Amino acid sequence: METPDTPQGPSEFNCMSVPEPIVLSDHVFDFSFSPNAPLVAAGLINGHIHCYQYGTEGNNLLWSTQLSKKSCRAVEFNEDGSTLMTISRDKSIQEVNTETGRLLLKIPKAHRYPINKMCLLEPMLVATGDDEGFVKVWDRRVQKAVQEYKAHEDFIADMIYSSQGPSLVVAGGDGRLSIRDMRKPTQPKATTLVLEDELLSLSLVKDGQQVIAGSQSGALYLWQWGDWEKKADQWIGHPCSVDTQCKLDESAICTGGSDGILRLMSVSPHHFEGVLGDHGQDFPVERVRMTSEQYYLGSCGHDLQLRFWDVRFLFDDKKKHKRKGDALGLMKRHKRNKFFQDIEL
């Protein structure tokens with residue numbers, strides 16, 4: 001498969017060898033890395049799903065399938081990487097075999113409204129959220145919804161699963177979080193105070209004690225676990241929306257947004273540490289994820305490419321204590337980019 005040369009972006013972190021970008025035929029909504037193999041699956045706006053084997057020696061398309069005529073909005077490998085779960089704007093849920101792309105399961109009318117997000121819970125449970133704020137929890141063994149509730153008054157933007165409870169944390173376009181104890185489905189869900197902002201992305205850090213939400217305004221909001229009725233801490237720094245984020249470790253996340261830049265952020269205290277990658281100003285970042293072995297970040301944007309960024313230096317035991325200094329040095333070298341102007345960090 002022919003792919004273009006790795007673009008020369010502003011990130012000087014990425015000096016090590018990385019896989020070439022994967023060029024797709026249409027806009028990528030979501031992608032997922034296999035938990036135990038160098039595989040990545042991408043879901044496209046035209047309903048196609050492509051599965052690639054990636055590596056520094058080249059990327060190979062293993063299979064491609066179209067499960068819906070409408071957009072594929074999320075893809076997720078299961079816990080052992082043997083199957084791939086997908087959701088579509090046509091309100092359906094599918095599961096395919098990872099090796100062949102063969103369809104194993106399809107629930108054609110899983111929701112009344114188009115499904116927007118998916119979150120794997122326990123090995124046989126998966127949660128889905130739709131454009132009208134409804135959440136369903138599915139048992140894959142019986143292929144039926146075992147829980148259903150109205151979580152928000154607007155679209156479901158993101159969901160994360162916590163072992164505390166265990167609980168499902170949901171972010172909505174109505175400016176709040178909802179938190180539901182999965183063992184007590186009859187009890188009312190907890191909710192946060194409503195913000196005058198759309199919440200778009202979530203991370204769970206500090207060993208599950210803090211929830212971070214990215215927003216349309218560019219602010220990051222932080223809640224301590226259990227203190228849902230208290231006003232969220234707010235950190236203003238991003239010049240654009242925070243559409244996606246990826247937890248790197250318990251004290252750091254990577255954010256991506258409408259300006260195409262992947263930023264390394266330290267948490268509590270909040271600091272902008274540097275730039276990990278850049279799709280370009282005209283190409284917003286749709287999704288960012290990290291490979292299971294912590295070698296690469298992957299990101300997809302409106303440039304129709306799935307790109308790889310080297311983050312091994314963050315997890316090298318010999319260099320880990322230097323992370324902050326290296327990142328701050330990078331930030332100084334890129335002052336010309338004028339990120340976070342007039343913002344007190």
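**Figure 1. Asp303 and its surroundings in the loop between β27 (296–301) and β28 (305–310)**. The view comes from a predicted model, in which local features need pLDDT of at least 70 and side-chain atom pairs count only at pLDDT 80 or more, while totals for chains, interfaces and linings use all residues. Residues are numbered from 1 along each chain as its sequence is written, and side-chain values use heavy atoms, with hydrogens and water left out. The strand names follow DSSP, where helices (H or I, at least four residues) and strands (E, at least two) are runs numbered from the N terminus. Asp303 counts as buried because its relative accessibility is 12%, given that buried means under 20% relative accessible area, exposed over 50%, and partly exposed in between (1.4 Å probe, protein chains only). Leaving aside residues up to four places away in sequence, Asp303 touches His279 and Phe283, where contact means heavy atoms within 4.5 Å. With His279, the side chain of Asp303 makes a polar contact, side chain to side chain, at 3.0 Å. A polar contact is a pair of N or O atoms within 3.5 Å; within protein, one must be able to donate a hydrogen and the other to accept it, and residues adjacent in sequence count only if both atoms are side-chain atoms. The C-alpha atom of Asp303 is separated by 8.1 Å from that of Pro284, which is 19 residues apart from Asp303 along the chain.

**Figure 2. Asp249 in strand β22, with its side chain and two backbone nitrogens**. With a relative accessibility of 15%, Asp249 counts as buried. A polar atom of the Asp249 side chain lies 2.8 Å from the backbone nitrogen of Ser251, and the backbone nitrogen of Ala252 lies 2.9 Å from a polar atom of that side chain.

**Figure 3. The largest pocket, with a volume of about 1100 Å³**. Of the 34 residues that line this pocket, the closest to its centre are Glu76, Leu120, Ile160, Arg287 and Arg289. On a 1 Å grid over the protein atoms alone, a pocket is an open set of points with protein on both sides within 12 Å along at least five of seven lines, whereas a cavity is a set of points where a 1.4 Å probe fits but cannot get out; lining residues have an atom within 4 Å of a point. Grid points are joined across faces, edges and corners, and a volume is the space filled by probe spheres set on the points. Several strands each supply at least two residues of the lining, among them β2 (28–33), β6 (72–77), β14 (156–162) and β26 (285–290). The lining has 18 nonpolar, seven polar and nine charged residues, where Ala, Val, Leu, Ile, Met, Phe, Trp, Tyr, Cys and Pro count as nonpolar, Asp, Glu, Lys and Arg as charged, and the others, Gly among them, as polar.

**Figure 4. The second largest pocket, holding about 450 Å³ of space**. Asn116, Lys117, Ala157, Asp243 and Glu286 are the closest to the centre of this pocket among the 20 residues that line it. The strands β2, β10, β14, β18, β22 and β26 each give at least two residues to its lining, and by class the lining divides into six nonpolar, seven polar and seven charged residues.

**Figure 5. The largest cavity, with a volume of about 50 Å³**. The model has three cavities of 30 Å³ or more. The lining of the largest cavity includes Met85, Trp138, Asp139, Arg140 and Lys144, and β9 (103–107) and β12 (134–139) each supply at least two of its residues. Six residues of this lining are nonpolar, one is polar and three are charged.

**Figure 6. Cys246 and the closest cysteine sulfur, in Cys254**. The two sulfurs are 6.5 Å apart, which is too far for a bond, since a disulfide is a pair of cysteine sulfur atoms within 2.5 Å. By this rule the count of disulfides is zero. Cys246 is buried, with a relative accessible area of 9%, and Cys72 also counts as buried, at 3% relative accessibility.

**Figure 7. Two cis peptide bonds, before Pro166 and Pro269**. The bond from Gly165 to Pro166 is cis, with omega near -5 degrees, and Pro166 lies in the loop between β14 and β15 (167–172). The bond that joins Ser268 and Pro269 is cis, with omega about 5 degrees, and Pro269 is placed in the loop between β24 (261–266) and β25 (271–278).

**Figure 8. Positive phi values at Lys206 and Gln294**. Lys206, a residue other than glycine, has phi near 55 degrees; Lys206 is found in the loop between β18 and β19 (210–215) and is partly exposed, with a relative accessible area of 22%. Gln294 has phi near 65 degrees, lies in the loop between β26 and β27, and counts as partly exposed at 30% relative accessibility.
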